[in-house]
Amino acid sequence: IIASTVLAEVSFGPMNLKMPVETVRERVGYALSYMNLTGFEDRAPHYLSGGEKKRVSIADIIAMKPEVIIFDEPTASLDPFNRTMLEQVLEKLKEEGKTILISTHDVDFAFRWADRILVFADGKIIKDGDPYSVFFDRRLLEEADLEEPFVVRMYHMLLQKGLWHYDNRCPRDISGFQDLL
C-alpha cells in the first residue's frame, strides 16, 4: 500500500496503465464494492486495520482485472471474520474463472479451499495432488515438515475410537463434520 487514500491506492494500477479516467472510475468503484470498501475512499490506508488493509490490497488487484492472481500467505494475521470474508472473495473469484495461486503454510485453509496442492521441500516439488492425496500422506507431511489439518487429525481420532467408518470420506471443514454428525 503506497497511496495516501484508499481511492488513490485502488486507482494506482489502472491509472499507471494510462486507462481512460472513466474506465479507472468504473474499475475502482467495482473493486471497492466487491471488497465491501465503499465509503472508505477518503480514508488513509495506514490507519486501517490489518483485515481492511488486506481488503484494500485485494481491491487493488480486482481493479486490474487479471486472469491469474497470486497470493502469498493471504490468511496471515487475519481474525476469523476477515478470514471468512477472504475465503468468500476467493471463492467468488474462482467462480468467475480466475486462476488463483496461493502460497501458504496454513494447512487448514489449504485443505478446506484448494482444488490442487503442490508441496515443496528443499526447493523442489515433492507432491502435486488433490487435498486428500496430500494431507492423508503422513510420510509426505513429515518430509515437508507440515502438520495434518485439524479436521484430518479429528477424522483419524474418530477412526481410532471406532466412531467413524472408513467408507465416510473426511469432510474438508468443521461444517462438513457437523452435517455428517
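Student: Let's begin with F135 in this predicted model. Is F135 buried or exposed?

Tutor: Good place to start! The cut-off for a buried residue is under 20% relative accessible area. F135 has 2% relative accessibility, so F135 counts as buried.

Student: Which residue forms an edge-to-face aromatic pair with F135, 5.8 Å centre to centre?

Tutor: The structure holds seven aromatic pairs. In one of them, the planes stand at 90°, and planes over 60 degrees apart count as edge-to-face. The partner of F135 in that pair is F111.

Student: How many residues apart are F111 and F135?

Tutor: F111 sits in helix α5, residues 107–113, while F135 belongs to helix α6, residues 131–135. F111 is at 0% relative accessibility and therefore also counts as buried. The pair links distant parts of the chain, with a separation of 24 residues.

Student: Which residues do ring pairs link into a cluster with F111 and F135?

Tutor: Happy to extend the picture. The cluster is held together by ring pairs. Besides F111 and F135, its members are Y132, F136 and Y155.

Student: Now the other end of the chain: how are α1 and α2 oriented to each other?

Tutor: Helix α1 covers residues 6–16 and helix α2 residues 21–34, with axes 9 Å apart. Their packing angle is about 125°. That lies outside the parallel, antiparallel and perpendicular ranges, so the two helices are oblique.

Student: Which residues of α2 make the contact with α1?

Tutor: From α1 come V6, L7, V10, S11, P14 and M15. By class, the contact has nine nonpolar, one polar and no charged residues. On the α2 side, the residues are V24, V28, A31 and L32.

Terms used:
Residues numbered from 1 in each chain as written. Predicted model: local features only at pLDDT ≥ 70, side-chain atom pairs only at ≥ 80, totals over all residues. Heavy atoms only, no water. Axes fitted to C-alpha atoms, helices over the stretch in contact; angles between N-to-C directions. Helix = DSSP H or I, 4+ residues; strand = E, 2+ residues; numbered from the N terminus. Parallel < 35°, antiparallel > 145°, perpendicular 65-115°, else oblique. Contact = heavy atoms within 4.5 Å. Nonpolar A, V, L, I, M, F, W, Y, C, P; charged D, E, K, R; others polar. Phe/Tyr/Trp six-rings, centres within 6.5 Å; stacked < 30°, edge-to-face > 60°. Buried < 20%, exposed > 50% of the residue type's maximum accessible area, 1.4 Å probe, protein only.
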